[in-house]
Amino acid sequence: MSTTEPAGTGPPVCSRRGCRQEARWALVWNNPKVHTPDRRKTWMACDEHRGYLADFLDVRGFLRETVPFDEFTG
């Protein structure tokens with residue numbers, strides 16, 4: 001992606017800090033102490049960082065589901 005393209009264009013990028021790989025997974029989560037039960041937030045993950053990001057969210061009780069990005073409708 002060139003620096004002249006508007007934000008939000010091009011393929012989704014992994015949410016792991018410093019990673020610029022194309023995201024292949026949507027990790028759907030919420031923090032029950034902050035968000036209402038129906039609120040959903042999303043992190044994107046490449047294949048390499050899917051486990052790391054999912055574990056981070058799961059240990060805290062935030063992870064709701066992991067969906068292949070091409071099936072994600074959020």
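**Exercise 1. Decide whether Arg 50 is buried, partly exposed or exposed in this predicted model, and describe its surroundings.**

Solution. Begin with the accessibility: Arg 50 has a relative accessibility of 32%, and since buried means under 20% and exposed means over 50%, Arg 50 counts as partly exposed. Next, place the residue in the fold, where Arg 50 belongs to helix 1, which covers residues 50-59. Then look for its partners: when residues up to four places away in sequence are not counted, Arg 50 touches Trp 25, Leu 27, Ala 45 and Thr 66. One of these partners can be followed further, for Thr 66 is 16 residues apart from Arg 50 along the chain, while the C-alpha atoms of the two are separated by 8.9 Å.

**Exercise 2. Describe the order of helices and strands in the protein.**

Solution. Start with the inventory, which comes to 1 helix and 3 strands. Reading along the sequence then gives the pattern β-β-α-β. The strands can be located by residue number: strand 1 is 25-29, strand 2 is 41-45, and strand 3 is 63-68. As a last step, look just beyond the helix, where helix 1 is followed by Gly 61, a residue whose phi is positive, near 75°.

**Exercise 3. Find which residues of helix 1 are buried, and explain how they are arranged around the axis.**

Solution. The buried residues of helix 1 are Leu 53, Ala 54 and Leu 57. Because they cover an arc of only 100° around the axis, they lie on the same side of helix 1. A general rule helps here: an α-helix has 3.6 residues a turn, so residues three or four places apart point the same way. Now ask what lies over these residues; the cover includes strand 1, strand 2 and strand 3. Ala 54 serves as an example, since, leaving aside neighbours within four places in sequence, Ala 54 is in contact with Leu 27 and Leu 63.

**Exercise 4. List the members of the largest nonpolar core and say which elements supply at least two of them.**

Solution. The largest nonpolar core has 12 residues in all, namely Cys 14, Cys 19, Trp 25, Leu 27, Trp 29, Ala 45, Cys 46, Leu 53, Ala 54, Leu 57, Phe 62 and Leu 63. Strand 1 and helix 1 each supply at least two residues of this core. The general background is that, in soluble globular proteins, nonpolar side chains tend to be buried together. For the chain as a whole, 28% of the 74 residues count as buried, and the protein exposes about 5,400 Å², of which carbon and sulfur atoms supply 48%.

**Exercise 5. Determine how many disulfides the structure holds, and examine Cys 14 and Cys 19 in turn.**

Solution. The structure holds 0 disulfides. Cys 14 is in no disulfide, and the nearest cysteine sulfur, that of Cys 46, is 3.8 Å away. Cys 19 is likewise in no disulfide, the nearest cysteine sulfur again being that of Cys 46, here 3.9 Å away. The cut-off explains this result, because a disulfide requires sulfur atoms within 2.5 Å. As for accessibility, Cys 14 is buried with a relative accessible area of 4%, and Cys 19 also counts as buried, at 7%.

**Exercise 6. Identify the salt bridge and state whether its two residues are buried, partly exposed or exposed.**

Solution. The count comes to 1 salt bridge. Arg 24 forms this salt bridge with Glu 22, and the closest N and O atoms are 4.0 Å apart. Turning to accessibility, Arg 24 counts as partly exposed at 45%, and Glu 22 counts as partly exposed at 39%.

**Exercise 7. Contrast the settings of His 35 and Val 13, giving location, accessibility and contacts for each.**

Solution. His 35 is found in the loop between strand 1 and strand 2, whereas Val 13 is found in the segment before strand 1. With a relative accessibility of 14%, His 35 counts as buried, while Val 13, at 27%, is partly exposed. Not counting residues up to four places away in sequence, His 35 touches Trp 29, Asn 30 and Lys 41. Under the condition that such neighbours are not counted, Val 13 touches Cys 19, Arg 20, Gln 21, Ala 23 and Met 44. Finally, consider Val 13 and Ala 45, which are 32 residues apart in sequence but 7.3 Å apart in space, C-alpha to C-alpha.

How values were computed. Residues are numbered from 1 along each chain as its sequence is written. This is a predicted model: local features need pLDDT of at least 70, side-chain atom pairs count only at pLDDT 80 or more; totals for chains, interfaces and linings use all residues. Side-chain values use heavy atoms; hydrogens and water are left out. Helices (H or I, at least four residues) and strands (E, at least two) are DSSP runs, numbered from the N terminus. Buried means under 20% relative accessible area, exposed over 50%, partly exposed in between (1.4 Å probe, protein chains only). Contact means heavy atoms within 4.5 Å. Accessible areas come from the Shrake-Rupley method with a 1.4 Å probe; for residues, only the protein chains shown count as cover. A nonpolar core is a set of buried Ala, Val, Leu, Ile, Met, Phe, Trp, Tyr and Cys residues joined through side-chain atoms within 4.5 Å. The arc is that of the directions from the helix axis to the C-beta atoms. A salt bridge is a side-chain nitrogen of Lys or Arg within 4 Å of a carboxyl oxygen of Asp or Glu.
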